Amino acid sequence: MKRSSLACACLALSFGAAAQAQLAQKKTLDATRISEKIMVDATLNESAWQSAPAATDFVYVWPTPGLHATQRTVVKILYDDTALYVGVQCFDTNPDSIFHRLSKRDELENTDAFSIILDTYRDGQNALQFGVTPDNVQFDSKYSVANANSNNGNNDGEDPAWDAVWKSSARLTPDGWVAELEIPYSAIRFPKKDLQDWGVNFYRNVKRRGETDSWNEVKPDIAGSLSQMGILTGVHDIKAPLRLSATPFVAAYANNAYNQTSGPGSSWSFPWSVGMDLKYGINEAFTLDATVIPDFGQVRSDQNVLNLSPFEVRFNENRAFFTEGTELFNKGGLFYSRRVGAGAQLLNATKVSGRTKSGLGIGLFNAIENAEYETHTEEGKEIRAQISPLTNKSIVVFDQNLHNNSSITLINTNVMRSGAGLDANVTGLLFKLKNKAQSYGLNGKAVMSNRIGPESTEKGYALALSGSKTSGNFLWGSDFNLESDTYNPNDLGILFSPNEVSHSAWINYNYYKPWWKLNNYWSSLWMYNESLYKPWAEWAVTQFGANFGGNTRKFQNFGFNFNLTPWGVHDFFEPRTFDYQTYYHVPANVNLYTWYNSDNRKRLTYYAEGGIRFFDEKGRHNSSVYAGIRWRASDKFTLGLGVGNEQLWNNIGGLWSSQINEQAVGAEQLPENPVVMGRRRIMGFNNSLNASYSFNNKMNIALYARHYWQKAEYSAFYGLDEHGELTASPYTGLSVSGEPLNDVAANYFNIDLVYTWRFAPGSDLLLVYKNGIGHYDSGYAVDHGYGYNAGHLMEYEGTNNFSFKLLYYLDYEQVKRW
């Protein structure tokens with residue numbers, strides 16, 4: 001399940017912006033100041049609601065941009081000294097047909113919805129969204145144009161992980177549905193001045209019609225929606241409250257490890273922890289977030305895989321502290337938050353972020369990891385050895401907004417390790433420039449990395465420049481990227497392969513209005529070329545590609561991708577030498593891929609995607625197929641099932657030196673530091689099951705289960721000649737008795753069963769059960785197929801984890817009222 005945002009749904013249609021397009025005239029709405037108390041009960045029966053000015057005349061954003069909305073919507077805004085109040089009447093000509101479904105907060109199901117977007121500084125670059133459904137399921141998010149990525153349709157840089165504490169109520173009526181929102185000033189930031197003029201827009205989703213409407217027109221041929229907002233006037237003489245809140249928590253665990261191959265076969269432990277999250281508004285613009293003795297035991301389990309590549313696996317970030325309000329720290333792609341607390345106890349982490357009146361964004365991040373030790377016995381003596389030092393990790397960001405949604409940014413990441421450990425520092429200068437019409441963009445960055453050891457220092461750098469036409473039906477662009485051979489941001493960032501000089505160019509044609517049997521469609525042609533930085537201009541790969549996709553009148557989504565690698569690839573990483581002299585020549589190949597999603601308004605939906613790659617080598621090809629269904633069994637219960645299969649025939653991959661088995665026949669004939677390439681058959685399944693039941697809009701239980709199995713069987717081994725071609729190798733990978741020694745398989749099975757109850761604003765009770773089985777070996781997991789391994793999962797080593805966590809939100813204003 002994914003978080004849903006009405007505004008983001010609109011933005012996803014805005015593949016770019018039209019140079020010839022003109023912004024719609026900005027509508028205005030007066031907010032009414034009140035002195036009477038407002039009960040947030042979705043009745044709108046206070047007298048102030050009757051006389052307040054109304055926002056009406058909504059228009060389509062999707063699927064027929066600019067036309068009058070089919071259903072009438074009326075929005076009014078009130079305010080007092082503590083909060084903004086939003087009242088909305090969503091009239092409907094068929095109220096019995098309104099889609100409404102219960103779900104977790106921020107994870108909208110198949111439902112109608114309403115949201116308000118506020119740009120309180122009216123800079124067209126930052127905004128907040130607050131929304132509800134007819135069942136009063138809340139969702140909110142934060143927008144930052146600085147983090148926009150037009151390549152995925154997110155032209156306003158939405159951060160759906162952002163959460164605030166606010167009130168709402170909603171109910172169905174004979175005429176449609178009504179919602180009422182109370183947004184306290186502690187949940188938003190605004191300039192310190194007597195008269196406020198805020199950017200505002202309202203969105204409504206009429207799900208059964210696949211219709212999204214907005215109050216101020218949002219044209220899909222103009223990039224992003226923040227520059228297309230109306231104006232909220234009449235707000236005056238309000239003051240930002242003391243924004244101080246604390247969320248103390250207590251967590252307790254019962255952990256069981258079973259079928260362990262070392263130590264006792266089964267063992268139990270019962271750890272517990274207490275900690276606190278703090279949030280403090282330093283002033284009207286800046287906020288401090290801190291977590292003290294954090295506990296992330298309830299987050300979603302990682303999706304482990306069998307990694308046969310020469311690079312590490314990048315995992316998703318599921319910890320809320322590192323996903324909320326991190327837009328400044330993510331600029332330039334220099335921060336990989338999974339580096340924080342990885343393999344070490346995180347003692348605390350702190351964020352300070354905000355933006356001044358002049359548009360200067362400032363971000364400070366700091367985290368401290370405790371030293372880690374292990375104990376072992378040597379000659380009868382117990383020895384305690386340090387395996388990781390006390391470490392401080394920090395980020396500093398200065399991001400200045402410029403005219404026309406442009407910006408310039410300075411960012412620094414720093415890692416300091418106690419003792420003689422390696423320290424690291426990375427500094428980047430970024431810029432993003434746009435013209436007044438928002439039709440052209442120029443982006444660039446220059447980054448310097450510096451790793452300082454006790455005896456040596458390693459410096460490297462990276463440069464990037466891209467220019468594009470971001471408007472209209474025809475879009476085009478080109479970019480250039482350079483990374484030196486010693487560029488390494490990986491102490492706090494992630495980079496798979498440095499030593500690169502690459503260039504790409506593309507041209508897109510997008511049609512935003514209904515045509516033929518389509519609501520819209522998009523198409524593109526592109527090329528990519530890459531060579532080494534050192535030796536300079538040593539060619540690596542050239543690719544060409546084409547894409548086409550769209551959305552049908554029946555709200556089905558589809559797409560086709562094609563790419564051609566006509567001269568193959570000189571892969572300097574697969575041989576695992578990293579000397580940039582040895583490479584493997586991957587044969588020329590062509591790839592076809594397609595995907596399809598059915599109409600997601602229906603109770604039963606399904607998707608399918610798959611592709612095949614053919615190589616210019618006899619018997620070598622890859623295939624992958626993924627398919628799934630989603631069944632909304634009732635307005636409370638949803639079930640999803642996904643099945644994936646991947647097959648690689650005659651794949652060629654390198655062996656790490658640790659994988660070269662000394663017991664294999666021929667191993668003794670290998671030279672020192674040999675290159676060994678293996679021909680292998682890779683096959684696997686990746687299956688998932690998820691279910692969710694919502695008791696009400698504050699209580700939910702969700703199940704996530706995944707079984708991943710993959711194996712690699714080697715049939716031959718080779719060396720490499722100076723041209724990257726395979727040559728004979730004495731290494732056989734077989735024991736004297738003929739047993740394969742390099743075949744390997746992985747079995748990973750996870751269950752996450754999570755009960756969540758939001759028993760008070762910002763306060764949660766979580767009960768979680770996790771089961772994890774991780775098995776990686778060359779035993780019968782390889783000797784048998786998927787069915788056998790799935791049936792013998794409980795024979796592998798695994799863990800059971802039961803946890804309880806209670807969080808209670810305390811706000812200063814709330815405590816003061818007490």
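In this predicted model, the protein carries 72 positive and 83 negative charges, and the mean positions of the two sets sit 8 Å apart. About 36500 Å² of the protein is exposed, with carbon and sulfur atoms supplying 56% of that area.

Turning to the overall fold, the protein has 5 helices and 45 strands. Its radius of gyration is 28 Å, close to the 28 Å given by the globule rule for 818 residues, so the protein is as compact as a globular protein of that length. Measured out along the principal axes, the C-alpha atoms fill a box of roughly 90 × 65 × 55 Å. Buried residues account for 51% of the 818. Among contacts with a separation of 6 or more, 65% come from residues 24 or more positions apart.

Now for the rings: the structure holds 41 aromatic pairs. One of them joins tyrosine 509 and tyrosine 521, whose ring centres are 6.2 Å apart with planes at 45 degrees, so this pair is tilted. Tyrosine 509 belongs to strand S29 and tyrosine 521 to strand S30, 12 residues along the chain. Tyrosine 509 has 24% relative accessibility and so counts as partly exposed, whereas tyrosine 521, at 14%, counts as buried. Both tyrosines also belong to an aromatic cluster whose members include Phe474, Trp515 and Phe560.

Phenylalanine 717 and tyrosine 731 make another pair, with centres 5.1 Å apart and planes at 85 degrees, so this one is edge-to-face. Here phenylalanine 717 lies in strand S40, while tyrosine 731 sits in the loop between strands S41 and S42. Phenylalanine 717 and tyrosine 731 are both buried.

Definitions and conventions: Residues numbered from 1 in each chain as written. Predicted model: local features only at pLDDT ≥ 70, side-chain atom pairs only at ≥ 80, totals over all residues. Heavy atoms only, no water. Helix = DSSP H or I, 4+ residues; strand = E, 2+ residues; numbered from the N terminus. Rg over C-alpha atoms; globule rule 2.2 N^0.38 Å. Buried < 20%, exposed > 50% of the residue type's maximum accessible area, 1.4 Å probe, protein only. Contact = heavy atoms within 4.5 Å. Areas by Shrake-Rupley, 256 points an atom, 1.4 Å probe, with all protein chains shown as cover. Lys, Arg positive; Asp, Glu negative; His and termini not counted. Charge placed at Lys NZ, Arg CZ, Asp CG, Glu CD. Phe/Tyr/Trp six-rings, centres within 6.5 Å; stacked < 30°, edge-to-face > 60°.
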